[in-house]
Amino acid sequence: MTLKCILVDDEEPARRRFRDLLKKSDVPVKIAGDFGMAKNAVAGINELKPDVVFLDINMPVLDGFDVVDLLTKPRPHIVFVTAYDEFALKAFEVHALDYLTKPVKLNRLQQTLKRITASTYREEADDRLDQAVRAARPLTRILLKKGTKYIVMEANNIHYFEANDKLLYAFSDTKRYRVEQTTMEALEQRLDPGNFIRIHRSVIINAAAIQALEPWFNYRWRVVLKNGEKLPVAKRRVRELKEHLGMV
Amino acid sequence: MKHPKNEILIELKSLKAQVNPHFLFNSLNTITALIRNYPEQAEKVTEDLADLFRFSLRSGDRPLILLGEELEAVEMYLNIERARFGKRLLVEFRIPGELKYVQIPSLTLQPLVENAVIHGASRVEGPCRIWIEAARAGKNVEVRVMDEGPGFQNKNKERLFEAGYGLKNIEQRLRLAMGTESVLEILDQGVVIRFPLYEGEHAAVETTEFKTPGL
């Protein structure tokens, strides 16, 4: 069986290199097309119905994740290709999604092609793709409830999230908002780990809101926020917090 | 006028800028793409990459350099990115010859130009112009790094400083090296740095002309 492939990457040399690699592969492939612009890729993939799409993540206007969102189902196998994207790669590993790192090695590409040729159970892979994409794309806007009204806020404007008696709250300046239909664990997974860090079983904090880290009683620590609020840090999370703030 | 306070330079080492891992991996990918069909260009990119890394490693020992030397590093960086982005990346330099000899902390402009590529040019599907211009403003030098990309959505300096673009580090080093009147300001389509003019040794800069490469 010959695998019908499509390549999507905004960088021309990267596409050329990928074509060369596919031609060298001992798994039979046919290159149905390559696209430098994501919006053309969406139309092309929906029309050409390839078996597999090699999809760059970082592209202008629409990124690789947006492309996946816009494809009609059933979708082809998606293999993400990226130079360096620690956060996304972690999400792919958690969800057992195959990916390639640039520069791509021929051996590694062949493994992927063989795996795709052998796979039969497509629906499960499709679910995994959705989960992985959701996890790989950090939450940048959050829906919050104030009174009876829902408002959308940039995640970066939130100082911290706190769980209290099964309810979840977001704090921004001195205001408190309800966060519905999610859990601390789900939030921790989806917030950008470059900005947000869990400092307590019940608290996730925005690193940009931290003013100081100070010793508290009993060899414990607490963070002082720029607005003067103070929050305790769980003992076992102190080291991680210090690492995050570049102190270790 | 020569720059007076050399002790301060020691402090600058602790604020040393770091090389971006994305840039390294993308450059290696560009090189692998060029080796087979464009071996000479692959050689050139490899040489520029090596020179740029040497420049970056050395910046700890020599934190204060001439604007002309910094622009040479910017050129090396842009050569590598041009191989990657091709005609999407259009660059213009507008640098008066006499300003090539003013002092500047090393790795001040290169990261600003890198930001213009990452957050400007690479976010645009078609061609995107980046321009770097220097001008004398009284006793100060102003250097602008501008791009035709999406621009800043929010120009709040404090927030941008916390956002991980390395702008805070750049302003800190600039103020430490050139005096507290130095400043980095956010513009709609880029940034400007302003700092007191001190001349360095002319001999350190080659007679390179910084001009717009032909398209």
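Contact means heavy atoms within 4.5 Å. The model used in these exercises is predicted.

**Exercise 1.** Find which residues B:L78 touches, leaving out residues up to four places away in sequence.

*Solution.* Start at B:L78 and apply the contact cut-off of 4.5 Å. Skip residues up to four places away in sequence. What remains is B:L89, B:V91, B:F93, B:V113, B:V117 and B:I132.

**Exercise 2.** Place B:L78 in the largest nonpolar core, and name the helix that gives the most to this core.

*Solution.* The largest nonpolar core has 55 residues. B:L78 is one of those with the most contacts inside it, and so is B:I132. Next, look for the main contributor. Helix α4 of chain B, residues 67-85, gives ten residues, the most of any. Apart from this core lies another, of 28 residues, including A:F65 and A:Y99.

**Exercise 3.** Describe the length of α4(B), its burial and what follows it.

*Solution.* Take the length first. α4(B) has 19 residues and spans 26 Å from first C-alpha to last. The expected value at 1.5 Å a residue is 27 Å, so the two are close. Now burial. Of the 19 residues, 17 are buried, so the rest of the structure largely encloses α4(B). Last, B:G86 follows the helix, with a positive phi near 60°.

**Exercise 4.** Decide whether A:Y150 is buried, partly exposed or exposed.

*Solution.* Locate A:Y150 in strand β7 of chain A, residues 149-154. Its relative accessible area is 44%. Buried needs under 20%, and exposed needs over 50%. A:Y150 is therefore partly exposed. With A:L143 and A:V152, A:Y150 forms a nonpolar surface patch of about 320 Å² accessible area together.

Terms used: Residues numbered from 1 in each chain as written. Chains lettered and ligands numbered in written order. Predicted model: local features only at pLDDT ≥ 70, side-chain atom pairs only at ≥ 80, totals over all residues. Heavy atoms only, no water. Core = buried A, V, L, I, M, F, W, Y, C linked by side-chain atoms within 4.5 Å. Buried < 20%, exposed > 50% of the residue type's maximum accessible area, 1.4 Å probe, protein only. Helix = DSSP H or I, 4+ residues; strand = E, 2+ residues; numbered from the N terminus. Patch = residues over 30% accessible without salt bridge, like charges linked within 9 Å, V, L, I, M, F, W, Y side chains within 5 Å. Areas by Shrake-Rupley, 256 points an atom, 1.4 Å probe, with all protein chains shown as cover. Salt bridge = Lys/Arg side-chain N within 4 Å of Asp/Glu carboxyl O.
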